[in-house]
Amino acid sequence: MPLSEHEQRLLDQMERALYAEDPKFASALEGTGLRTHTRRRVYLAVGGFVVGIGLLMGGMVVPDQIWVSVVGFLVMLGCAVFAVTGWRRGPAGQAQGARPAAAPRRKAGMMDRVEQRWQRRRDEQTGGGF
């Protein structure tokens with residue numbers, strides 16, 4: 001559904017005000033979507049993983065330098081965790097195309113579900129018998 005002319009003017013006015021008030025923040029929001037953030041994160045993780053492999057192999061080749069291999073393994077592990085956590089969470093700012101942060105959904109716990117069932121049964125018993 002397209003915006004009306006009035007809504008489009010208001011949006012343009014708000015964008016200009018944002019750029020005037022905080023240009024650094026506005027430019028940060030401008031081009032970073034979820035896909036760009038995830039792609040950048042994966043590229044960094046792959047690059048770090050390759051460096052970790054290099055350190056691991058280098059530590060195996062150089063005698064008495066096993067600590068280099070351990071550091072390489074830790075770098076590889078850290079980069080793998082960095083890449084995987086990027087898929088679970090979105091960008092830190094939740095910029096464009098993200099769900100609004102004002103309405104986080106909380107999963108009902110086991111006790112909440114039991115309480116709801118209990119309430120439903122009690123309502124059915126009192127409503128159906130009288």
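From the N terminus on, the elements of this protein run α-α-α-α-α. That makes five helices and zero strands. Please keep in mind that we are looking at a predicted model.

Let me start with confidence. The protein averages a pLDDT of 77. Of the residues, 72% score at least 70. Residues 91-104 are a weak spot, with a pLDDT below 50. Beyond near neighbours in sequence, that stretch has eight contacts in the model. Where pLDDT is low, the predicted coordinates should not be read in detail. I will leave that stretch there.

Now some overall numbers. How many of the 130 residues count as buried? The figure is 12%. The accessible surface comes to about 11,300 Å². Carbon and sulfur atoms hold 63% of that surface. Next, contacts along the chain. Take the contacts with a separation of 6 or more. Residues 24 or more positions apart account for 50% of them.

On to the surface. There is a nonpolar patch of about 1,100 Å². Eleven names are a lot to hear, but here they are: M60, V61, V62, I66, W67, V70, V71, F73, L74, L77 and V81. Which helices supply at least two residues each? They are helix 3, residues 34-61, and helix 4, residues 66-88. Helix 4 gives the most, with eight residues.

Let's look at two members of the patch. W67 lies in helix 4. W67 counts as exposed because its relative accessibility is 53%, and the exposed class starts over 50%. L77 is also part of the patch, and L77 is found in helix 4. Its class is partly exposed, because its relative accessibility is 45%. So two patch residues on one helix can carry two labels: exposed for W67, partly exposed for L77.

Next, the loop between helix 3 and helix 4. D64 is found there. Is D64 buried or exposed? D64 counts as exposed, because its relative accessibility is 75%. Look at its backbone too. The phi of D64 is near 60 degrees. That is a positive value in a residue other than glycine.

Now, how do helix 3 and helix 4 meet? Start with L56, in helix 3. At 24% relative accessibility, L56 counts as partly exposed. What does L56 touch, leaving out residues up to four places away in sequence? The list is V68, S69, G72, F73 and M76. F73 on that list is also a patch residue.

Add some C-alpha distances. L56 and V70 are 14 residues apart in sequence, and 6.9 Å apart in space. L56 and W67 are eleven residues apart along the chain, with C-alpha atoms separated by 9.1 Å. Then there is G58, also placed in helix 3. G58 counts as partly exposed, because its relative accessibility is 28%. Its C-alpha is 7.1 Å from that of V68, ten residues away along the chain.

Cross over to S69. Its place is in helix 4. S69 is buried because its relative accessible area is 5%, and buried means under 20%. What surrounds S69? Not counting residues up to four places away, S69 touches L55, L56, G59 and M60. With M60 we can be more specific. A polar atom of the S69 side chain lies 3.3 Å from the backbone nitrogen of M60. And M60 belongs to the nonpolar patch. So here a buried serine sits against a patch residue.

One last residue: R41. R41 lies in helix 3. Buried or exposed? R41 counts as buried, because its relative accessibility is 14%. What joins the side chains of R41 and T85? A polar contact of 3.1 Å does.

Let me recap. Five helices, zero strands. A nonpolar patch of about 1,100 Å², with helix 4 giving the most residues. A buried serine, S69, and a buried arginine, R41. And a stretch, 91-104, where the pLDDT is below 50. Thank you.

Key: Residues numbered from 1 in each chain as written. Predicted model: local features only at pLDDT ≥ 70, side-chain atom pairs only at ≥ 80, totals over all residues. Heavy atoms only, no water. Patch = residues over 30% accessible without salt bridge, like charges linked within 9 Å, V, L, I, M, F, W, Y side chains within 5 Å. Areas by Shrake-Rupley, 256 points an atom, 1.4 Å probe, with all protein chains shown as cover. Salt bridge = Lys/Arg side-chain N within 4 Å of Asp/Glu carboxyl O. Helix = DSSP H or I, 4+ residues; strand = E, 2+ residues; numbered from the N terminus. Buried < 20%, exposed > 50% of the residue type's maximum accessible area, 1.4 Å probe, protein only. Polar contact = N/O pair within 3.5 Å; in protein donor to acceptor, adjacent residues only side chain to side chain. Contact = heavy atoms within 4.5 Å. pLDDT = per-residue confidence, 0-100.
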